[in-house]
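Here's a walk through one protein model, written for someone who'd rather look than read tables. Have the structure open and turn it as you go.

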Amino acid sequence: MMIVGWEKRYFSILKKLNYSEQKDKESALILDSILKKTDNVRKLKTIIQDKTVLVIGSGPSLGIAIPKLKKLEKNIKIAADSSLKPLIDNGIFPDIVVTDLDGDEDAIKKISKTKSILVVHAHGDNIEKLQMVKKMKNCIGTTQTNPFNKIQNFGGFTDGDRGVFLASHFDAKKIILFGMDFGNQIGKFSNTKKSDRETKLKKLQIGRDLLIWLSTITKSELFTTSKPIEGFRKISYKEIDNIIT
C-alpha cells in the first residue's frame, strides 16, 4: 500500500530527471527475487512506533552533528547510506540504514553483519549492485513504483527523505533531522562527483519538496537541526534533550 498522493509525485520525478519507470520496475523485480521472506517489516514497526527517531543525512552539517549524535546513543537512528562511513568511524551504528547501495561499500558490508536493518531501494540505476543483498543479514526491499510481494513503498526519493517517510509510515512520535540540509552545498560525505553535481542538487530539491509535502499529512512531530524546512520546527542542539524527554 502506497502513501496517498505518491504516484503523482513519482511521475513528476520521472519527468524532471528523465528516468524510466520500466527500469525501476525491472530493478524491483530483481530485488524481490533475491530477498528472503522475513519479519523485518514487523521489526521496523516495533523499533519505530511511538519513538523519537533521529534521521541522519550526509549534508554539510553532519560533521558538527556527530558529537551530539554520539551522546544520543539510546535513541533510534535511521541513516542514509552516504552518512554511514563517518558514523561508523565515530562508533555510531544506526538501527536502520536506508540505501540504494551507492554509498561506501565497506561501510555497507560492515553494518550488514550487525543487527541493523537495511532498507534497500531498487531503481533503474542500481540493478548491477543488487547482488550485494545476498550477503545482507537483515534486509527489506523498497521501490518507487507499485509495491508487490516482498517489495515495499513507504514514499520518498533520496536516501535521506526516504528515511523520514519510513519513520512517518511506522508512526514515529517525533522525527528529528541531522545532517539534512537540502541546500546548494553538497556535503563532503556524499561521494558526489563534480560531473554529477547538477543532478545531485536537483535530487536534493526534490527531497526537500517531498518532506514539505509529508509535513502536511504526517502524524509525527517534525524537527530539524539542519537548515530550515517548511513544516519542520528548527531547533538547536541544546533543545534536543528537552524534546526527546
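What follows covers the sheet, the helices on it, one aromatic pair, and the empty spaces. Keep in mind that this is a predicted model.

**The sheet**

Start with the strands. Nine of them make an open sheet, and reading across it you get β6-β5-β4-β3-β2-β1-β7-β8-β9, with parallel pairing. Which strands stand at the edges? They're β6 (151–152) and β9 (233–234); each has a single partner strand, so one side of each is left without a neighbour in the sheet.

Some of the pairings are worth a closer look. β4 and β5 run parallel and are joined by five bridges. On the other side of the order, four bridges link β7 to β8 (residues 221–224), again in parallel, and two bridges link β8 to β9, also parallel. If you want to find these pairings on screen, here's one residue pair from each:

| Residue | Partner | Strand of the partner |
|---|---|---|
| Ala 122 | Thr 143 | β5 |
| Ile 175 | Leu 222 | β8 |
| Thr 224 | Lys 234 | β9 |

**Helices on the sheet**

Two helices are easy to pick up from here. Helix α2 (residues 21–34) lies across β4, β5 and β6, and runs at about 145° to β4. Then there's α7, which packs on the sheet and touches β1 (52–56), β2 (76–80), β3 (96–99), β4, β5 and β7 (174–178). The direction of α7 makes about 130° with that of β3.

**An aromatic link**

The model has five aromatic pairs. Take Trp 6 and Phe 165: their ring centres are 6.5 Å apart and their planes sit at 65°, so this pair is edge-to-face. Trp 6 belongs to helix α1 (residues 6–17) and Phe 165 to helix α7, so the pair ties together parts that are 159 residues apart in sequence.

**Empty space inside**

Now for the gaps. Rolling a probe the size of a water molecule over the atoms shows where empty space is left. How many cavities of 30 Å³ or more turn up? The count is one, and this cavity holds about 70 Å³ of space. Its lining is made of Val 98, Val 119, His 121, Thr 142, Thr 143, Gln 152, Asn 153, Phe 154, Gly 155, Gly 156, Arg 162 and Leu 166. β4 (117–122), β5 (139–143) and α7 (159–169) are the elements that give two or more residues to that lining. Thr 143 is a name you've met already, as the bridge partner of Ala 122. By class, the cavity lining splits into four nonpolar, seven polar and one charged residue.

**A pocket beside α7**

The second largest pocket has about 330 Å³ of space. It's lined by 14 residues, and the closest to its centre are Ile 3, Val 4, Ser 168, His 169 and Asp 171. Which element gives the most to this lining? That's α7, with three residues. Sorted by class, the pocket lining has eight nonpolar, four polar and two charged residues.

So α7 is a good helix to keep highlighted: α7 packs on the sheet, holds Phe 165 of the aromatic pair, and helps line both the cavity and this pocket.

Note on methods: Residues numbered from 1 in each chain as written. Predicted model: local features only at pLDDT ≥ 70, side-chain atom pairs only at ≥ 80, totals over all residues. Heavy atoms only, no water. 1 Å grid on protein atoms, 1.4 Å probe; cavity = no way out; pocket = protein on both sides within 12 Å on 5 of 7 lines; lining within 4 Å. Points joined across faces, edges and corners; volume = space filled by probe spheres on them. Nonpolar A, V, L, I, M, F, W, Y, C, P; charged D, E, K, R; others polar. Pairing = 2+ DSSP bridges. Contact = heavy atoms within 4.5 Å. Axes fitted to C-alpha atoms, helices over the stretch in contact; angles between N-to-C directions. Phe/Tyr/Trp six-rings, centres within 6.5 Å; stacked < 30°, edge-to-face > 60°.
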